[in-house]
Amino acid sequence: MGEYKIQNLITRNFRNLHPVNINFSERINCIFGDNGNGKTNILEAIYFLINKKSFRKNNAFPQILSIDSEKSQIIISALFSKNNSEKISVSVKMECEENLWSINGKVKKTDEEIGVVFVNPFDSYNFYNQSSFRRNWFDANISQLNTEYKNGLKRYQKALKFRNILLAKRPNKLVEQIAAIDVEIGILSEMICKKRVDFIKDLNLHLNDIFKKIFAEEYKIELSLNSKFMSLSSNQITKKMGENLSKELKNGRTISGIHLDDYIILFNQMNSYEYCSLGQQKMSYLGLLFAYIELFRYKYGSYPIVLIDDISGELDRYRWSRFIKFLEKGKFQVLITTANENFKDELDKIIGVNKIFIKSGQVCN
Ligand SMILES: Nc1ncnc2c1ncn2[C@@H]1O[C@H](COP(=O)(O)OP(=O)(O)O)[C@@H](O)[C@H]1O
Ligand SMILES: [Mg+2]
């Protein structure tokens, strides 16, 4: 993975965005506009191009196709610079049934591994309130840093799905087949658990420093894994998986496994899920995210592109201005949106900031 920066974006028929060329600078880009004008749509288009999926729930083709379009086709295209030398254009042509990807004008599946980190206003809330969100957060971020984890997790999910199908159908050779799957699940679970623990250890190394760097406050934030399978060998995990079989036969599905692991965040030694204010949650979530970005840089020698969608809610002016100063000091490319008039001026103060104003899907100056 090299260091990628997005230079421009052109979309056609993507949601409410007009087909204009939006240019980005290598450092801080602020996207301003009132609610519902297309700020998040810009970030969504970029995210889609890089990750081949959206962060929004309603993202089926008919939903994202502009209601004003004459043709049933969406195009998203962007130019990236790689390691400050190469230029790479990535585009996707979407039609109802298929998405066609091109790199530098040649039709092929993108094999460019472009690092991107995205944060939106609900992420910290979801992170603190939904264990499934936390699991996905960790799985996606560990996967971005570790291919073995990514592939192992895919295999685990496949094995789990098969296990559940068997439990629901109860074929004759059920017990033998489950036992065979549990051997694989044991091996994969051991690896996945170890990698989660390592990742948390690495995050913890950066967490308090980053938090202090952003918000100039001393808090002790500590992450830990909450898993029944921690430090067990693959054989022990296989055995543990088998212990629930009679109950699972009744339920028709698997009731335990590392897919149900959770994560705990201690904030000054208190459980942050119960104890933190919304503002503190947002702050510690941002600390977590930027600690992750440090790990990303450590692993790949370069930063990801950082997309920040209107996160000013719940942050007071002091925290917001600290956060902006932190971004200003950084070395990564940032695209940050806001509709918050009160906080615009802090963004305006950044030297050399690229300002993009968006109104009804159109870029204005
Ligand atoms: N398929 C579509 N066609 C046209 N407009 C759309 C489509 N999907 C969403 N929109 C419009 O996009 C706007 C939302 O854009 P968004 O980027 O979320 O705004 P914000 O600037 O608040 O982030 C809404 O006005 C919505 O009606
Ligand atoms: Mg928005």
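This passage describes the domains, the ligand shell and three helix pairs of a predicted model.

In this predicted model, the chain is divided into two parts, of which domain 1 comprises residues 4–115 together with 304–364, whereas domain 2 comprises residues 129–274. The C-alpha centres of domain 1 and domain 2 are separated by 32 Å. Five residues from domain 1 and five residues from domain 2 take part in the contact, and on the side of domain 1 that touches domain 2 these residues are, by class, two nonpolar, one polar and two charged.

The surroundings of ligand 1 were examined next. Around ligand 1 there are 15 residues, and those that come nearest are N16, G36, K39, T40 and N41. Two helices, α1 (39–51) and α2 (61–64), each supply at least two residues of this shell, and the largest share, three residues, comes from α1. When the shell around ligand 1 is sorted by class, ten residues are polar, three are nonpolar and two are charged.

The packing of helices is treated in the remaining paragraphs. Two packed helices are described by the angle between their axes and the distance between the axes. For helix α4 (residues 131–145) and helix α5 (residues 147–169), the angle is about 130 degrees and the axes are 5 Å apart. Angles from 65 to 115 degrees count as roughly perpendicular and those over 145 as roughly antiparallel, and α4 and α5 are therefore oblique to each other. In this pair, D139, I142 and S143 of α4 meet Y149, K150 and L153 of α5, and the residues of the contact divide into three nonpolar, one polar and two charged.

Helix α6 (residues 174–215) packs with helix α11 (residues 317–329) at an angle of about 110 degrees, and the axes of these helices lie 7 Å apart. Because of this angle, α6 is roughly perpendicular to α11. On the side of α6 the contact is made by K213, I214 and F215, and on the side of α11 by R319, R322, F323 and F326. By class, this contact of α6 with α11 contains four nonpolar and three charged residues, but no polar residues.

Helix α11 also packs with helix α12 (residues 341–348), here at an angle of about 30 degrees and with the axes 10 Å apart. Since angles under 35 degrees count as roughly parallel, α11 is described as roughly parallel to α12. The crossing of α11 and α12 is right-handed. The residues of α11 that take part in this contact are W320, S321 and I324, which meet F343, E346 and L347 of α12, and the residues of the contact comprise four nonpolar, one polar and one charged. Helix α11 is thus described in two pairings, roughly perpendicular in the pair with α6 and roughly parallel in the pair with α12.

Terms used
Residues are numbered from 1 along each chain as its sequence is written. Chains are lettered from A and ligands numbered from 1 in the order in which they are written. This is a predicted model: local features need pLDDT of at least 70, side-chain atom pairs count only at pLDDT 80 or more; totals for chains, interfaces and linings use all residues. Axes are lines fitted to C-alpha atoms, for helices over the stretch in contact, and angles run from 0 to 180 degrees between N-to-C directions. Helices (H or I, at least four residues) and strands (E, at least two) are DSSP runs, numbered from the N terminus. Two residues are in contact if their C-beta atoms, placed from the backbone, lie within 7 Å. Ala, Val, Leu, Ile, Met, Phe, Trp, Tyr, Cys and Pro count as nonpolar, Asp, Glu, Lys and Arg as charged, and the others, Gly among them, as polar. A residue is near a molecule or strand if its C-beta atom, placed from the backbone, lies within 6 Å of it. Domain bounds come from an automatic or database domain assignment. A crossing is left-handed if the near helix is turned anticlockwise from the far one by less than a right angle, and right-handed if clockwise.
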